[in-house]
Amino acid sequence: MSLGSSSNRVDAQAKVTGKARYTDDFTMLGMRFAKYVRSPIAHGKVKRIDISKAQTYPGVDAVFTYDDVPEFIFPTAGHAHSLDPNKLDVADRYLLTDHVRHQGDAVAIVVACNQLTAERAVELVEVDYEELPVMTTADQALAEGAYPLHPGGNVLKQQAIATGDLEQAFAESDFVLEGAYHTPIHQHCHMETVVSYAYMEKDDHIIIVSSTQIPHIVRRVVGISLGIPWSHVRVIKPYLGGGFGCKQDVLEEPMCAFLTMKLGGIPVKIELTREECFTASRTRHSFDIKGKIGVSRDGVIKAYALDVKSNTGGYASHGHSIAAAAANKIPYIYPRLVFGYKALTFYSNLPNAGAMRGYGAPQATFALESLVEEAAQKLGMDPVDFRLKNVAQLGDFNPVNKKEIKSCGITECLTRGREMFEWDKRRAACVEHKGPIRRGVGVACFSYGSNTYPACVEVSGARLVMNQDGTVNLQVSATEIGQGSDTVFAQMAADVLCIPDTWVRTISTQDTDISPFDPGAFASRQSYTVGPAILEAATLLKEKIVAHAALMSGQPARNLSIRDGKVVYGSRPDYVLYEMREVSMDAYYNQDQGQPFFAESSHKTRTNPPSFGCTFVEVEVDMPLCKVTIKDILNLHDSGRILNPQLAEGQVHGGMGMAIGGALFEEMLIDAKTGIVLNDNLLDYKFPTILDLPDLHCSFVETHEPQSAFGNKSLGEPPIISPGPALRNAIWMAAGVRIDELPITPKRLYEHLARAGLI
Amino acid sequence: MNMTPIQCTINGQAREFQVDPRTSLLELLRSQGLTSVKQACAVGECGACTVLIDGTPIDTCIYLAVWANGKTIRSAEGEVRDGVISSVQQAYVDTGAVQCGFCTPGLVMTTTALVEKYRGQQLCRDTIRRELAGNLCRCTGYEKVIDAVLASVDNKPGCNGQGGCGRCEDE
């Protein structure tokens, strides 16, 4: 069996030698380069634009403005299409605009023979703006008479859920506690920036190569944005240098397609600089959350309610889906109560927020697990005991969607974590530190989904072709973005086919003209949703192999089986009838019988089980220096069956690292008055270097999810959810201040300590 | 623009170029097909374009090609000998230190310099962190990167680099 073992990544060799080719590693004869003319202000209307100097600058092919782009308004979110018009993503963008809604919004674009010439020409475009009021906060954007950023006003969408009588549940609680929480704007900082190019060989066929997580969705949206049939667009996705949700958006592909169309099909590339990625790709939504929790004296949570305001910036992108998804993902963790959730997503003049690892859950869980901590402290209960009393059990039902929990390891995550972390001992020891250097421990839990169903249709596909030598090529449109999906898919196919996983070559490049349909990498969905398609296709392929071996041998197929890549007698598996290559060669070349083996499957997933987990952390707080140091941190995860332990650990470490950055250092600093981003680079935006992170520890509580093809559940995003609130809770214990806004930088810690009179 | 002649050694081969003096070494190496040299920030913040110049890890995005005159340059491609990847590269494969792979060649080269610098010495995790501080990675949380480095240096088998054994140079 390959699944369950730490097979090496199928792409590791190509990546350590630098031979793996990413979008920017491809070049074409005659390729041109495009650069945007971007707004230096966060809100305004173009009064005058003069492109004449840029047009005549040597080496410039063309300059286009908002007057030149198609009249099709389009959405950009990386969601599956919906047949229900009410569920379609908000379409609020044109390729270029004269109403700039955030710093970096694009009014024109220059195409030239090289990057430098394009940049020079951009500087020659003269633009005068009428400045409009800049709105960066909910209060400003939602004020009466606020300038409408889009025709429908500044409220993108709102919702309210209550799974019972909230008022009554709070009234029946012995204690009701409230809090207000703020989470910052993060940027994904995938190491590969956003890059795409497009060209045409025929008038009805645009070929786009792009650093995208979602090739099939890009195909659809390019079709919409240019008003052409979707089948006229071909999207190719090579190796991808990280996405984390930013590239779960249609970014530069429609513009590349437009430019090549206008320029007779010559290849045109757009590569955003790191600085442009901050202001003009996507960010994480900042949430302001008012929370309320009601508990009984004996430690039972009766109800909690969150009231969310989500700031989506100048355009919708994923818009309200982020806030709405949180309400689907978090209720699993404490299911036996009344759950209330109100959310409003609004436009502002901030850079556009979109999908980012965790998709609303990290923000909502920060509020929830801070509230839960308040309740535990109020009751004088150990925070682990309090959570153990309330967390999900097998057979519980999600209070919102009423789905039964059929695999549930959160109790064991907490009990094993308590033991591994020596929680009781450490917690008792923390109290000893009363001087300037204090200690504290914290814990926080989470739940998450395993795909997007039923919010979106969940389709995936797999195609298997056996080569002459008995090896197998596997095609999927689920995308490898660094998480290791290509490797796990090979392991799945190998196990079903009973061949070594090194015989399966996962075709890493997606090509929407060829690869079976699947929307791509998001929602931690791929191992869960592609699993059944691979299972079906590989089962079919195996049947074909055995049937042909039966034809060759004259034995009934029911007597034959495959073991370790050989066709054997089912009853005597040590007796080898054929090597796999012998069967495959016969299938290919026997003049009278058989045909080469292939199989494919497309599968719609209609289940979406929750994964669970928690974080234990110990911090040291240097009170005079306002400095937080993590002494130890441990994540525990119930992600069902672990398909590849080494890759799984890698996902957890990466999520923990990103979460620690998000909780302690990372924040896009944006001037509240002007909407201008102050730290749009990797020097000033503090994502963790290797010096900033502690050793990261993790452990898996393996359950078997019965609805899953291979027993697994989601894993990619979950590790980022609980470290933030666990750190907040540990810092509270250590320093004696509740800090309900992230990140907890030295500056913010100083403000709180000073206010509390502690320094 | 006047072109400037330079001579350098790239991955063991003597090469001559006529370069535009504005060209960065990153641009020159990529134009020669060395795709391991990745551009991720273009201003020396991230280390994705790291190569070894006379044995020292350098961000090639902020190093002019003309400065490479007379220098010996090593990139991740050149660490493969007779079709076999280097022990550092193999350690990155075996420990699971590779995810999206965009920062990987740069990390491999910085690690290669570290291994050569500390040959025969025991290394603690703190030293490894200090030496690798110029290479950003967004995928791994660096945990398995440290495992890869520990597997590459001359620490006693099984050493987790936590220190306390008194053998590390920096203890």
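Begin by selecting Ile562 of chain A: its bridge partner in strand E24(A) is Val567(A). The model on display is a predicted one.

**The strands around Val567(A)**

Extend the selection to residues 560-563 of chain A, which form strand E23, and to residues 566-569, which form strand E24. These two strands run antiparallel and are joined by 4 bridges. Their hairpin has 2 residues between the strands, and Asp564(A) there takes a positive phi near 45°.

Keep Val567(A) highlighted and add Tyr578(A), its bridge partner in E25(A). Strand E25 comprises residues 576-579 of chain A; 3 bridges join it to E24(A), and this pair likewise runs antiparallel. The hairpin formed by E24(A) and E25(A) has 6 residues between its strands. Val567(A) can thus be displayed with Ile562(A) as one bridge partner and Tyr578(A) as another.

**Thr629(A)**

Next, select residues 627-638 of chain A, strand E28, and locate Thr629(A) within that strand. Is Thr629(A) buried or exposed? Its C-beta atom has 14 others within 10 Å, and Thr629(A) is therefore partly exposed; the buried class would require 20 or more, and the exposed class 12 or fewer. Leaving aside residues up to four places away in sequence, Thr629(A) touches Val619(A) and Glu620(A). For a distance across the chain, select Ile206(A) together with Thr629(A): their C-alpha atoms are separated by 52 Å, and the two residues lie 423 residues apart along the chain.

**The contact between the chains**

Now display both chains. Contacts link 46 residues of chain A with 40 residues of chain B. On the chain A side, helix H1 (12-16) and helix H17 (645-664) each supply at least two residues. Select H17(A) in particular, as this helix gives the most to that side, with 8 residues. By class, the side of chain A that touches chain B has 18 nonpolar, 18 polar and 10 charged residues.

**Two helices of chain B**

Finally, move to chain B and select helix H2 (residues 87-95) and helix H3 (residues 104-117). These helices pack with their axes 9 Å apart, at an angle of about 125°. That angle lies outside the ranges for roughly perpendicular (65 to 115) and roughly antiparallel (over 145), and H2(B) and H3(B) are therefore oblique to each other. Their crossing is right-handed.

To view the contact itself, show the side chains of Val88(B), Gln89(B) and Tyr92(B) in H2(B), which meet Thr104(B), Val108(B), Thr111(B), Thr112(B) and Val115(B) in H3(B). This contact has 4 nonpolar, 4 polar and no charged residues.

How values were computed
Residues numbered from 1 in each chain as written. Chains lettered and ligands numbered in written order. Predicted model: local features only at pLDDT ≥ 70, side-chain atom pairs only at ≥ 80, totals over all residues. Pairing = 2+ DSSP bridges. Axes fitted to C-alpha atoms, helices over the stretch in contact; angles between N-to-C directions. Parallel < 35°, antiparallel > 145°, perpendicular 65-115°, else oblique. Left-handed = near helix turned anticlockwise from the far one by under 90°. Contact = placed C-beta atoms within 7 Å. Nonpolar A, V, L, I, M, F, W, Y, C, P; charged D, E, K, R; others polar.
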